[in-house]
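Student: I would like to learn how to read side-chain interactions from coordinates. Where do we begin?
Tutor: With the charged groups, then the rings.

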Amino acid sequence: MYLTTKGLVLRVTDYNDRDSLLTLLTPEHGKLTVKARGLRRKNSPLVAPCQLLAYGEFTLFEYRGSYTINEAASVELFQHLRRDLTRLSLGTYFAQCAEVLCQEDLPNPELLSLVLNCLHILCKGEREEKVKAVFELRAACLAGYLPDLGYCSNCGAEDADRFDISAGQLLCSRCRSTANTGIRLPVSAGTLQAMRYITQCDAKRLFAFELGQENLIQLSQVTESYLCAQLERGFSALDFYKSLLI
């Protein structure tokens with residue numbers, strides 16, 4: 001049986017001397033593991049559409065639950081990312097997160113749209129901290145980790161200025177010393193406003209907000225800590241990205 005679908009390449013793994021295994025994120029079928037025969041051969045026609053972070057159209061042959069690529073054509077290769085190692089490593093981090101968050105044969109068009117949108121925005125030169133923060137917080141929400149960003153979770157005060165990354169809740173200065181222990185990061189009024197916007201806005205307007213550089217750095221630190229805390233893991237591409245900033 002043949003299946004035609006568009007998909008984003010999240011991972012490429014060597015299978016043998018000639019073939020590779022690809023992890024695709026597709027809108028209709030979620031995460032798919034597919035074999036790319038001859039991909040490692042010189043001049044393989046699959047090289048462009050089957051590279052990491054390539055978005056393409058794939059014709060797959062399915063046999064007993066296994067998929068093999070029959071044909072593939074590139075739709076978007078995000079060439080501007082591939083000329084900038086820092087931005088490429090950040091895009092790879094998005095791919096690693098998406099691979100963890102999506103499931104086999106479970107449609108997740110919202111996550112695919114988020115990753116593609118963030119890659120496009122990165123190519124256009126948007127500030128990395130902003131794209132990173134938007135992806136992390138919105139991805140957490142899509143995965144079911146919607147934070148409570150209304151009031152202090154302990155007393156209901158409106159002047160909360162700390163964010164508990166494990167509980168996903170706010171605390172004010174009067175309660176953070178008496179509430180349950182946990183890692184709490186400072187959030188300014190501007191950072192908190194941006195977090196509320198990212199969690200609530202329409203997907204087409206995710207980047208339609210402005211934030212000063214100091215608050216943007218704080219936002220990026222908070223969203224990174226929150227996503228990693230909820231997933232209980234780190235990411236090698238994130239570590240590499242951060243090493244390039246030193």
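Student: How many salt bridges does the structure hold?
Tutor: This is a predicted model. The structure holds nine salt bridges.

Student: Which residue forms a salt bridge with Arg-87?
Tutor: Glu-128 does, and the closest N and O atoms are 3.6 Å apart. The pair links distant parts of the chain. Arg-87 lies in helix H2, residues 85-101. Glu-128 lies in helix H4, and 41 residues separate the two.

Student: Why does Arg-87 count as buried?
Tutor: Buried means under 20% relative accessible area. Arg-87 has 13%, so Arg-87 is buried. Glu-128 has 15%, so Glu-128 is buried too.

Student: Where do Glu-136 and Lys-132 lie?
Tutor: Both are in helix H4. They are four residues apart, which is about one turn of the helix. Their side chains form a salt bridge, with the closest N and O atoms at 3.1 Å. Both residues are buried.

Student: Which parts of the chain do Arg-174 and Asp-159 link?
Tutor: Two loops. Arg-174 is in the loop between strand S8 (169-171) and strand S9 (184-186). Asp-159 is in the loop between strand S6 (148-152) and S7. The two residues are 15 apart in the chain. Their salt bridge spans 3.0 Å, N to O. Asp-159 has 42% relative accessibility and counts as partly exposed.

Student: Which residues are joined into one network by salt bridges that share partners?
Tutor: Lys-132, Glu-136, Glu-224 and Lys-242.

Student: Now a charged residue with no salt bridge. Is Arg-138 buried or exposed?
Tutor: Arg-138 is buried, yet has no salt bridge. The nearest side chain of opposite charge is Asp-202, 6.7 Å away. A salt bridge needs nitrogen and carboxyl oxygen within 4 Å. Arg-138 sits in helix H4, residues 128-142.

Student: What lies 2.7 Å from a polar atom of the Arg-138 side chain?
Tutor: The backbone oxygen of Ile-198. Beyond four places in sequence, Arg-138 touches several residues, including Leu-114, Thr-199, Gln-200 and Leu-206. Asp-202 is also one of the residues touched.

Student: On to the rings. How many aromatic pairs are there?
Tutor: The count is six, taking ring centres within 6.5 Å as a pair.

Student: Why is the pair of Tyr-93 and Phe-94 tilted?
Tutor: Look at the angle as well as the distance. Planes under 30 degrees apart count as stacked, over 60 as edge-to-face, and the rest as tilted. Here the planes are at 45°, so the pair is tilted. The ring centres are 6.0 Å apart. Tyr-93 is buried, at 0% relative accessible area. Phe-94 is buried as well, at 0%.

Student: What kind of pair do Phe-163 and Tyr-226 form?
Tutor: An edge-to-face pair, 5.3 Å centre to centre with 65° between the planes. Phe-163 is in strand S7 (residues 162-164), and Tyr-226 is in helix H6 (residues 213-231). They are 63 residues apart. Both are buried.

Student: Which residues do ring pairs link into a cluster?
Tutor: Tyr-93, Phe-94, Phe-135 and Phe-235.

Student: Which residue lies over the face of Phe-235?
Tutor: Arg-233, at 4.4 Å from the ring centre. Lys-130 gives another case: its charged end sits over the ring of Phe-209, 4.6 Å from the centre.

Terms used
Residues numbered from 1 in each chain as written. Predicted model: local features only at pLDDT ≥ 70, side-chain atom pairs only at ≥ 80, totals over all residues. Heavy atoms only, no water. Buried < 20%, exposed > 50% of the residue type's maximum accessible area, 1.4 Å probe, protein only. Lys NZ or Arg CZ within 6 Å of the ring centre and 35° of its normal. Lys, Arg positive; Asp, Glu negative; His and termini not counted. Polar contact = N/O pair within 3.5 Å; in protein donor to acceptor, adjacent residues only side chain to side chain. Contact = heavy atoms within 4.5 Å.
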